Amino acid sequence: MNTDKWAYLDDAMVASSKKTIKELFAEDPERAKKFSLNAAGWFLDYSKNRVDRKAMKALVKLAEASNLKAEIEKMFTGKKINVTEDRAVLHTALRNCDPKARVNVDGKNVMPAVRAVLRQMGDFSDLVRQGKWKGFTGKRIKYIVNIGIGGSDLGPVMANIALTPYAKRYLKFFFVSNVDSTHLAETLKAVKADQTLFIVASKTFTTQETMSNANAAKDWLVKKLGDKKAVAKHFVALSTAAKEVTDFGISPANMFPFWDWVGGRYSLPSAIGLSLMLAIGRNNYARFLRGYWKMDQHFRTAKFERNMPVVMALLGILYSNGYGAETYCCLPYDQYLSRFPAYLQQMDMESNGKSTDKDGNPVEHVTGPIEWGEPGTNGQHSFYQLIHQGTHLIPCDFIGCCKTHNEIGDLHDKLMANLFAQTEALAFGKTADDCRKEGVPENLVPFKTFEGNRPTNTLLCDQLKPETLGALIALYEHKVFTQGVILNIYSFDQWGVQLGKVLAKGVLSDLTAKKPSGKHDASTNQLIARYRKAVGR
C-alpha cells in the first residue's frame with residue numbers, strides 16, 4: 001500500500017485533537033451551518049464531530065490522494081473493479097433513471113436488459129396486486145413468502161418494513177432466510193397454501209439455505225394442494241439458472257433474472273426487490289429507484305468537501321484509524337427503519353471486513369468497523385449508557401424524519417426531542433461545575449459528570465418515502481465504497497463467508513452418516529458425537 005497519503009490523516013488528527021466539540025462551537029457561531037449538507041432529500045448535520053475546516057481539508061486530501069474520483073468513474077462506467085472475481089460492479093445501473101443512459105460491460109450496453117426486467121417485474125406485480133394472478137385452485141394471492149438469505153433477504157425485509165405506509169395491506173408478506181426449520185415452520189402456519197406465492201431468490205438456484213427452505217416449502221405446497229402442477233402457480237424465481245428453475249417446477253416465464261455484476265448486498269434495486277414492488281406497486285417502486293439515482297448523481301458529481309457520502313466516509317476513517325474507534329452505531333428514530341441497522345451491518349462488514357489489500361498484502365490500517373444499532377428511543381434505555389459514559393469512543397449516526405406517517409398526539413414531537421437531545425448531550429456533556437450548580441451532592445458529582453465530546457452525525461428528511469429510502473440506502477452504499485477505496489481493499493467480494501460453507505458440507509455428512517469420519521479437530525468431533533447421541537444416531 002502507498003502509505004504516503006496517510007500523512008493527511010495525521011494532519012487531520014493534529015487539527016481535530018486540539019479542541020473539543022464544545023470549544024469548536026464556542027469559537028464559531030456559524031459552525032452548524034458551515035458543517036451541514038443537503039442531498040437527494042436528506043440533510044446532514046455533521047457539526048457535532050471533532051473536526052474543523054483544517055481537519056476536513058486534510059481528510060479531503062486523503063480522498064484525493066486515494067484516486068477516489070477515478071475509482072468512482074470506474075464503478076459507474078462498468079469497469080471490472082471487483083478484480084478477484086473479474087466482475088463489474090453496477091448496482092448503480094439498476095436505478096439509472098436517464099432514458100438515454102448507456103452503461104457498457106464487455107462492450108455491451110446493459111441498460112436495455114435492466115429496463116426489460118423492471119417491466120417484467122411491473123407487469124407481474126400488477127397482476128398479483130389486481131387479483132388477476134390466480135393460484136392453482138383459482139383463488140387470488142394473499143400471502144407472499146420471500147425465501148432468500150443475506151442480500152436476498154436483508155434488503156427486501158428492511159425495505160418492506162420501511163415502506164409499510166405505501167404497501168397494499170391486503171397482501172401479507174413473510175421472509176424466510178434461516179435454515180433453522182422453525183423459521184419456515186412458523187411462516188407456513190401463518191399462510192394458506194392455495195393463496196400463497198413463494199419467491200425463491202437465488203442467482204444460481206444452488207444456495208444451500210435458500211434451496212433447502214424452497215424445497216421444503218414446495219413439498220408442503222404439493223401435499224396441501226395434492227398436485228405437483230401447483231408449483232408453477234405458486235412459485236416464481238429470482239435467478240438466472242433456467243435449467244435449475246425449470247427442474248424445480250417453475251416456468252422460465254416466471255424467472256426474473258439479475259446479473260453477476262450485481263452483488264448480493266447491493267441487489268435490492270434488482271429483481272431481488274420483487275417483493276417490495278409487489279408491496280408498494282410499480283409506481284412507488286419507480287420513485288424508490290429515483291431516490292437512489294439522485295444520490296448516485298450527487299456522489300458522482302459533487303466536490304468531495306460537499307459530497308455527503310464522502311464526508312461521512314472520511315469522518316469514519318478519522319475515528320477508526322485516528323482515534324481507534326472500534327465500533328460505529330446507527331440509530332434510526334423511526335420505527336419503520338427498525339431493520340436498517342441490520343441491513344447496514346451486512347453492507348459494511350461484508351464489504352470492508354478485509355485484512356488483505358489490493359496488492360495481496362496484509363492491510364496496514366483498520367478496515368470496516370463493527371456496526372450495530374437499534375431504533376430510538378429503545379436504545380436509550382439499554383446501551384446508550386455505554387456511549388455516554390463508557391470507555392469506548394463510539395461515533396453514531398442519528399437518523400430522523402421531520403414528519404410521521406402516524407400522527408398520534410405529541411408522540412412524534414417527543415421522539416424527535418429525544419433524538420436532538422441525545423446528540424446535544426453526547427457532544428457537550430455535563431461538567432462537574434454544572435452538577436454542583438444544580439445542587440448535586442459532592443459525593444455524586446463524579447457519577448453525574450458527562451465528558452461529552454462524543455461525535456455524532458444527524459441525518460434528517462422531511463418524511464420517509466420511497467424516494468428518501470432509496471437515497472438513504474445509496475448514501476451508505478457510497479460511504480462504504482469510498483472507505484474501501486481509501487483503505488485500498490476490494491469491497492465487492494466476500495471470500496471470508498465461503499470457508500464455513502465448504503466445511504459445513506463435510507460436517508453435515510458426518511452428522512447423518514452411519515459412522516462419522518472423525519476427520520475433524522477434537523472439539524468438532526466431540527460436538528458431532530454429542531449431537532448424534534442426542535438425536536439417536
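The following exercises, with worked solutions, concern a predicted model.

**Exercise 1.** Determine which strands lie at the edges of the open sheet.

*Solution.* Begin with the make-up of the sheet: 5 strands form an open sheet, arranged in the order 6-5-7-8-9, with parallel pairing. An edge strand pairs on one side only, and this holds for strand 6 (172-176) and strand 9 (255-256). Strands 6 and 9 are therefore the edge strands, because each pairs on one side only.

**Exercise 2.** Describe how strand 7 is joined to strand 8, and name the bridge partner of Phe198.

*Solution.* Locate the two strands: strand 7 covers residues 196-201 and strand 8 covers residues 235-238. The two run parallel and are joined by 4 bridges. Next, look for the partner of Phe198; the residue bridged to Phe198 is Phe235, in strand 8.

**Exercise 3.** Classify Arg53 as buried, partly exposed or exposed, and state which surface patch includes Arg53.

*Solution.* Arg53 belongs to helix 4, which spans residues 53-65. The relative accessibility of Arg53 is 41%. Partly exposed covers values between the limits of 20% and 50%, so Arg53 counts as partly exposed at 41%. On the surface, Arg53 gathers with Lys57, Lys61 and Arg306 in a patch of positive charge.

**Exercise 4.** Place Lys229 in the chain, classify its exposure, and state how far Lys229 is from Thr92.

*Solution.* Lys229 sits in the loop between helix 9 (208-225) and helix 10 (231-234). With 64% relative accessibility, Lys229 counts as exposed, because exposed means over 50%. Finally, Lys229 and Thr92 are separated by 137 residues in sequence and by 38 Å in space, C-alpha to C-alpha.

Methods. Residues numbered from 1 in each chain as written. Predicted model: local features only at pLDDT ≥ 70, side-chain atom pairs only at ≥ 80, totals over all residues. Heavy atoms only, no water. Patch = residues over 30% accessible without salt bridge, like charges linked within 9 Å, V, L, I, M, F, W, Y side chains within 5 Å. Areas by Shrake-Rupley, 256 points an atom, 1.4 Å probe, with all protein chains shown as cover. Salt bridge = Lys/Arg side-chain N within 4 Å of Asp/Glu carboxyl O. Lys, Arg positive; Asp, Glu negative; His and termini not counted. Charge placed at Lys NZ, Arg CZ, Asp CG, Glu CD. Buried < 20%, exposed > 50% of the residue type's maximum accessible area, 1.4 Å probe, protein only.
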